[in-house]
Each structure stands twice: as structure tokens, then as C-alpha cells.
Amino acid sequence: MTRLLCASFERRFPGGPTIEAALQHPLDVFSVTALIGPSGCGKTTVLRSLAGLDVPQTGRIAFGQEVWFDAGRRLSLRPQERGIGYLFQEFALFPHLTVIDNIGFGLARAARREAAHRVGELVTLLKLSGLEARYPHELSGGQQQRVALARTVASRPRLLLLDEPLSALDAPTRAELRRDLRQLLAGWAIPTLIVTHDPTEVVAFADEVVVLSDGRVRQHGPVQEVFGSPVDGDVARIVGRISD
Amino acid sequence: MDWTAIRLTLSVASCTSALLFALGLPLAVWLARPGPRWRLVVEAVVALPLVLPPTVLGFYVLCATGPHTPIGRWYEALFGSRLPFTFPGIVLASVLYNLPFAVRPFTAALQSVDHKLVEASWCLGVSRLATFRRITLPLAWKGVLAGLVLTFAHAMGEFGVVLMVGGNIPGVTRTLSVAIYDDVQALDYSAAAHSSLFLLGSALVVLSAVQLLVRKPA
């Protein structure tokens, strides 16, 4: 039986919007699901709820047989217990630590030699050689993004959550990393959920797409299907089939 | 120069700063994050010494720690001595009076750390305590240290609460500020001038140190 990430929950903000999410993502085969929608539609809230950074009011999140969140049982695993990797939109690199210390930050419990080996591998793979002793403010946007990505995967997460991984970059760097990112993700073979507002990124990375609007899931399916036959005008506009 | 009073004053200021670091920092951690609405009451209580006359605070501490009060009886049973007119008594009063001078800068320093960095650490599997030690504190240490230095400086000049709770016992509760008052009462202006100059000089040194700490690099 294929293991799935099954999430169905509702997050209400006092005096603000309500975000309803329902999604599934296969865990045994490598696949990327993109969450797309206009800004403020709740994409990041969905990702934060999956990570345990935000706690929904109702619903359930299960990672295969493992229950991460169950409102009925008042159960909510902490982010530390979920074994996830979360890439923040602005990268959230630790400003007081060097590139090498940022990448190895989550490996404090691993054996020193094993940690050094893993960090070294990622430095080479992500073309960060020569930058090991630099601090985040001494790096370009693209380099910061690669350090953040290396840090996120260094602890071998079971699920990757990427929040607008390219939005903080300038256009040429974005184009370059868009090409590399899918290849890197496939190489690590970690199930991935990616939040974006850019339909070209969905086409470049994702196998499945979840379209969110006004805090609700409007359509969920393979990228070709959703982009080929959007259920309504709203979805068509979000996936770029109708220009504003 | 009244060296006994200087030694006592430095001891009161050191003990006050150490206690406020140990107790004020956890309180500041709690105050720095969004929490229940009644937290506002705690914030108000912490800020109270900023507006309350020291004599009023000292009066309440004196009343609350007397030998016939629950706190007084509990303290006497535990340590075999009383709080009013003793060194621990004036340290307690000084801690309460200096609460805002430590907790407010601590809270501001902790709030200045981007919460995303803390969340990033949690998502990397690092516990809350280790995240505080490895991320929050290294990024907020300047503000925390500035708060501690200010507390120390402020505690050095303690007068009202100390006089109310400790009285004027040489070598036990007679701090430098109390000694200055005493000297002036006895018309010994020379002794008062020496002690005042000492306090003025140390306050200037300490405030310069704080300015140096909080100044942003060019």
C-alpha cells in the first residue's frame, strides 16, 4: 500500500480569514506537489501547519501511519518531532554563523565525522566551495538560497516544505536555480511540497498541483490536468490560462 | 572615603544584577512572545517601579516581610533570620525596584530577534532550549548585557527602598547613597562630596559602556 501524507484541516485566525486545506501527497515515490494561489490565500499557512509551526483548530494530519496532528485528540507533534525540512521564503539563515555552521546546524547530534562528511558533500553539490567561512550577509541572493537549501536537506528530512524558494531572487538567478532545483530535488528523492504564486515554477518543478483561493482548495490534480482543464475562471486565472 | 559603604553598595548591585539575570531573563522570554491577555497585568506590574515612589515600594516590602507575615515567618523558618534591616532584605527590595530596568531591555532585545530564525532552528530538529542558547541569546546578548549594566548602575544609587527596608546600619544596610544623606545631615560635606563623585564617575563609566554596546556598527 502506498503511504500518503494526508492533511485535512481548518485554521481560523481571530478576526481574520479561515484557511481550509485538504491534500494528499505520495511518500514512497519521489514527487513534487505545488500549492499555488494569489498572495494572502493561505498557502504559507498550509505549509506552516504541516510543519507544526501553526496549529489548526480542526482536522487531522497524518504522515503515513504516523499522526502528526489530530484536533479531536488534542494531539500536535512539535516541528522537532516531525522530521521535516522547511525552506523559508527569505531563507532565514543564521546571521551570526558561517556558511558551514549554518549548513551543519541541525547535525549537532550526528557523529562529528559523519556531520562533516555530509556538509562537505552538500557544499560541493550546491557549488558553495570557497564560501565556507563567509557569513550570510557576505553572500549573493543565489548563494544564500543554496546555503538555505543545503541546511534544509542536511539533516535528511522525510518531507521537504519549500515556501516560495525563488521569490527573493532576481530574475536571472531565479531562471538558473529553477533549472537546477528540480534536478536536485529528484536527486535527493525527498517528497516535496512547494508553495509558489508563479505558474511557470509549477510547470518547472511539480507533478501535482493544488490551487488555493480565498482560503479554500479549488482544484487538486496532476499539473497537465489542472492547467489543461481548470474547473472555473478563478483557477484558470491563477494558473495563468487567462490573463488579468 | 567610606570604603565599607562602597563595598556594601557594590555587593547590593552585584547581587541584584545576578538575581535579575536569573529571574528576569525567563520572565522576559515569556513576555517577548504573544500570549494570554492577562499578560498585560504582569507587564504593568513589572513597569510599576518606574512610576511608583521608592518609599511606597519600600513600605510595602517592609510590611510584607515583617516577622508576623507569612513571608517573614517562612523566611525565618528557612534561614533563621529576618528580612527587614538585613542585607538579604535590601537585596530583595532592590531586585523588585530594578525589575523594569532589567526586564524591559531584556524583552526588547529578545523581541528584536527575527522569530523566523527561531522557527528555522526548530524545523532543523533543535529543541526550544538549545535554540534559545544557540540562536536567540547570541543574537540578543548586546541588549541583555546593556540591561544588566543599567540594572547594576541603577542599583548602585539605591536610596529610598534601601532606607525603608534596611534602615541605616553601617556595614549591613548603609549603602553609599544612604551614607551621603547621613554625611550631609552631619554637615560633613567633604565626605559627601567624595562619595557623590565616586557615584557620578561610576555612573558615567557605566553609561558610556552601554552606549558603546548598543551603538550600531558604522
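The expected span of a helix is 1.5 Å times one less than its number of residues. Helices (H or I, at least four residues) and strands (E, at least two) are DSSP runs, numbered from the N terminus. The model is predicted: local features need pLDDT of at least 70, side-chain atom pairs count only at pLDDT 80 or more, and totals for chains, interfaces and linings use all residues. Residues are numbered from 1 along each chain as its sequence is written, and chains are lettered from A and ligands numbered from 1 in the order in which they are written.

**Exercise 1.** Test the length of helix H4 (residues 112-125) of chain A and describe its faces.

*Solution.*
Step 1. At 1.5 Å a residue, the 14 residues of H4(A) should span 20 Å, and the end C-alpha atoms are 20 Å apart, so the two values agree.
Step 2. Val119(A), Leu122(A) and Val123(A) are buried in H4(A) (buried: 20 or more other C-beta atoms within 10 Å of the residue's own; exposed: 12 or fewer; partly exposed: in between; C-beta atoms are placed from the backbone).
Step 3. Viewed down the axis, the buried residues of H4(A) fall within an arc of 105 degrees, so they line one face of the helix; the arc is that of the directions from the helix axis to the C-beta atoms.
Step 4. The face turned away from this buried side carries the exposed residues Arg113(A), Glu114(A), His117(A), Glu121(A) and Thr124(A).
Step 5. Helix H3 (99-103) and helix H5 (141-154) of chain A pack against the buried residues of H4(A).

**Exercise 2.** Describe the packing of helix H1 (residues 3-32) of chain B with H7(B).

*Solution.*
Step 1. The angle between H1(B) and H7(B) is about 145 degrees, and their axes are 8 Å apart. Axes are lines fitted to C-alpha atoms, for helices over the stretch in contact, and angles run from 0 to 180 degrees between N-to-C directions.
Step 2. Residues of H1(B), including Leu20(B) and Phe21(B), meet residues of H7(B), among them Leu148(B) and Phe152(B); contact requires C-beta atoms, placed from the backbone, within 7 Å.
Step 3. By class, this contact of H1(B) with H7(B) has eight nonpolar, four polar and no charged residues (nonpolar: Ala, Val, Leu, Ile, Met, Phe, Trp, Tyr, Cys and Pro; charged: Asp, Glu, Lys and Arg; polar: the others, Gly among them).

**Exercise 3.** Characterise the side of chain B that touches chain A.

*Solution.*
Step 1. Chain B contributes 13 residues to the contact and chain A contributes 14 residues.
Step 2. Helix H6 (115-123) and helix H7 (128-156) of chain B each supply at least two residues of that side of chain B.
Step 3. H6(B) gives the most, with six residues.

Conventions
Two residues are in contact if their C-beta atoms, placed from the backbone, lie within 7 Å.
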